[in-house]
Every structure is written in C-alpha cells, then in structure tokens.
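Work through the exercises below with the structure open. Try each task before reading its solution.

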Amino acid sequence: MSEPLTAAQEGGRPAAGPPAHRVEVDLGDRAYTVHIGHGVRALLPDLVAATGARRAVVVSARPDGALPDLPVETLRLPAQDGETNKTLATVADLCGAFARFGLTRGDVIVSCGGGTTTDAVGLAASLYHRGTPVIHLPTTLLAQVDASIGGKTGVNLPEGKNLVGAYWQPLAVLCDTEFLRTLPERERVNGFGELARCHFIGAPGLSGLPLDEQIAASVGLKASVVTRDERDQGLRHVLNYGHTLGHALEKATDYGLRHGEAVAIGTVFAGRLAGALGRIGAARVAEHHDVVAGYGLPTALPAGVAHEELLWYMRRDKKAEGALAFVLDGPDGAELVHGVPEPLVLSTLEAMPADA
C-alpha cells in the first residue's frame with residue numbers, strides 16, 4: 001500500500017518537493033520499502049548506516065556527485081545503461097571489482113541508473129558471496145515503475161532477453177523523481193510503456209494522475225503481486241503483459257526499439273490477440289490501442305522486422321513451455337494463456353499496422 005511520507009518521517013529533512021510516497025513490499029524477513037518522491041536519495045546514507053556495513057560499492061550510470069556521500073568506505077564504479085551492456089561479462093567484471101575491494105557479504109552494494117544497471121547490479125549482488133545486500137536508486141521512469149521492484153535480476157543472451165537471472169530482493173528502493181527531470185524526451189515516453197500496460201492488469205486510469213502518483217500506483221500494483229507470488233509460479237506472470245512480443249521486438253531490432261516502446265506495441269498486440277481468441281470484444285481491443293497511443297507511445301510494428309523472426313524469439317520466451325504462451329486480457333482479467341496456436345499468432349501479427 002502507498003502512503004504519504006512526511007518530512008518528519010524522512011528524518012527531519014525539509015521536503016524539497018511534494019511529500020513522498022512509501023510502498024511496502026511485504027515479504028516477511030525480506031520485506032523492504034520503496035520510497036518515491038523528490039529528493040528521496042537523501043535517505044541513502046542512513047539506510048547504508050543501518051546495515052552495519054563497513055564498506056559499500058556504488059555502481060552508477062549517473063555523473064559523480066549525483067548521490068550523497070556514504071558514512072562508510074566507498075568504491076565507486078561507473079556503469080553504462082543500455083541493453084548491450086546487460087551481459088554476463090558485465091556481471092563478471094562487477095564481481096571481480098567487488099572482490100578486489102574486499103567487499104564481504106556483510107557490506108552493501110548500491111545501484112544507480114536505469115533498468116540495465118538495476119538488473120545487472122542486482123544479479124551481481126545475488127551471486128557475489130551467494131548474496132550481498134543491495135539498495136537500488138533507479139534513475140529512469142522505466143526503472144522506477146518496474147525494473148527496480150520485485151527482486152527479479154537478469155542479463156541477456158544472444159538467444160533472448162533476460163534468459164539468465166536470479167531472484168534477489170533489495171534492502172530498499174529509492175525512486176527519486178528529481179532524476180526524471182533530466183531524461184531525454186524519448187526516454188521519458190519510453191517509461192510510459194510499463195505504465196500503459198498497468199491499465200490492463202489492475203491499475204486503470206493512471207494517465208490522468210500526477211507522475212509521482214502514477215509511479216506509486218504502478219509500484220503498489222507490482223508489490224501486491226510480488227508479495228503473493230515472488231517467484232513467478234502463477235499470478236506474477238500478469239506483470240509480463242505485452243512483454244512476449246515486446247522482448248521479441250527488442251531482439252529483432254537489436255534493441256533499436258527501447259523496452260517501454262516494445263512493450264507498448266506488445267500491449268496493443270496482446271489486445272488484438274485476445275480479441276482473435278474471443279476473450280474480449282472489439283471495444284476492449286480498441287481500448288488497448290487508445291491507452292497506448294494516449295501516452296504518445298508507438299502502436300505499430302517497426303518496419304523491416306520479419307514475422308517469422310518474431311515467432312522464433314517468442315518460442316524462446318521464458319513462459320513458453322513447448323508452445324507459445326501470452327498474458328492476455330479476458331472476462332476474468334489478465335491471465336497467462338498457454339498453447340496459443342502459432343498460425344493465429346502469425347495472422348494477428350500480419351494484421352498489425354506497420355511503420356512505413
């Protein structure tokens with residue numbers, strides 16, 4: 001549940017903007033808080049001190065000075081956002097740097113950057129000494145509404161996206177909305193891709209809210225799902241709405257399409273596929289297009305991408321167990337649908353509009 005956070009609750013620091021929000025991810029002894037608002041990065045030194053760590057490693061894709069100084073010996077490592085850096089080689093390099101610094105499992109790792117940084121650093125933290133505490137400071141809208149929450153970490157292989165990963169919950173997440181002011185326009189709109197898909201999995205009507213409230217609602221939705229299904233045994237699949245085609249589009253375009261853009265197109269496709277299966281009516285199919293377009297996101301397939309290539313990648317999706325599977329809308333809401341016939345998927349792709 002999201003709750004306003006007053007300046008007094010922030011340790012007496014004056015609030016630089018509107019009151020922040022707190023969302024609790026209630027996972028028992030792995031529970032943590034997601035702080036959302038202007039300036040919440042100021043909470044980082046106290047969070048690090050509370051761990052009892054003697055050393056910290058900060059892996060940051062932001063310029064020096066973006067984060068407050070920490071009360072322990074600190075190694076700062078540069079990171080680069082972008083899917084081409086989301087590899088096992090990146091994770092190995094990070095773990096090597098941790099070891100040379102003398103980091104122990106009683107110390108702490110901090111990630112600061114977009115989804116690539118969050119995922120790669122999270123995986124490195126899960127593997128180093130078989131698990132080292134990590135705190136995430138996501139700096140893009142996409143990372144704040146999705147990638148930093150829920151403990152999924154992962155990197156890509158040439159054969160597909162996020163095929164190697166682990167579940168490793170952070171100690172805390174600080175979604176400082178001040179970081180979002182410096183995002184390029186395309187990256188800002190990219191982040192709306194995950195917000196648009198929320199409309200169809202339990203959080204409709206977000207687009208009319210202030211941005212911090214949209215973030216808090218998306219995080220709250222994800223937290224409610226993760227606390228009931230931490231390891232993707234069932235319900236958590238709904239968070240992958242639009243992602244089956246979305247991941248395939250990312251790979252097929254060699255990441256020329258960004259994640260949120262690809263998920264947006266995947267969301268439109270999911271509506272069309274659900275309609276073709278008779279799960280929803282024409283008005284709900286059209287609603288998928290309208291919600292995505294309302295955020296200024298792409299709704300058509302990119303030019304030059306072969307439908308058979310997209311099928312090849314979708315067959316390798318983590319949800320596909322011998323046959324294509326998609327999270328689709330229906331009379332009881334979104335759910336994972338197994339065994340979707342490939343000819344129907346192909347004909348639905350062929351009916352999608354495509355960029356010239």
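Four exercises with worked solutions follow.

This is a predicted model, in which local features need pLDDT of at least 70 and side-chain atom pairs count only at pLDDT 80 or more, while totals for chains, interfaces and linings use all residues. Residues are numbered from 1 along each chain as its sequence is written, and side-chain values use heavy atoms, with hydrogens and water left out.

**Exercise 1.** Describe how helices α5 and α6 cross, and list the residues in contact.

Step 1. Locate the helices, which are DSSP runs of H or I of at least four residues, numbered from the N terminus. Helix α5 covers residues 185-198 and helix α6 residues 211-228.

Step 2. Take the axes, lines fitted to C-alpha atoms over the stretch in contact, with angles from 0 to 180 degrees between N-to-C directions. The two axes come within 10 Å and cross at roughly 60 degrees. That makes α5 oblique to α6 (under 35 degrees is roughly parallel, over 145 roughly antiparallel, 65 to 115 roughly perpendicular, the rest oblique).

Step 3. List the contacts (heavy atoms within 4.5 Å). From α5 come F192, L195 and C198; from α6 come L211, Q214, S218 and L221. By class, the contact has 5 nonpolar, 2 polar and no charged residues (Ala, Val, Leu, Ile, Met, Phe, Trp, Tyr, Cys and Pro count as nonpolar, Asp, Glu, Lys and Arg as charged, and the others, Gly among them, as polar).

**Exercise 2.** Count the disulfides and check C175 and C198.

Step 1. Apply the rule that a disulfide is a pair of cysteine sulfur atoms within 2.5 Å. The count is 0 disulfides.

Step 2. For C175, the nearest cysteine sulfur belongs to C112, 12 Å away.

Step 3. The sulfur of C198 has its closest cysteine sulfur in C175, at 13 Å, too far for a bond.

Step 4. Check burial (buried means under 20% relative accessible area, exposed over 50%, partly exposed in between, with a 1.4 Å probe and protein chains only). C175 has 0% relative accessibility and so counts as buried; C198, also at 0%, counts as buried.

**Exercise 3.** How many residues of helix α7 are buried?

Step 1. Helix α7 spans residues 243-252.

Step 2. The helix is mostly covered, with 10 of its 10 residues buried. Among them are H243, E250 and K251.

Step 3. Just after α7, D254 has a positive phi of about 50 degrees.

**Exercise 4.** Place R76 and name its contacts.

Step 1. R76 lies in strand β5, residues 73-78 (strands are DSSP runs of E, at least two residues).

Step 2. R76 has a relative accessible area of 39%, so this residue is partly exposed.

Step 3. Leaving aside neighbours within four places in sequence, R76 is in contact with V58, P68 and D69.
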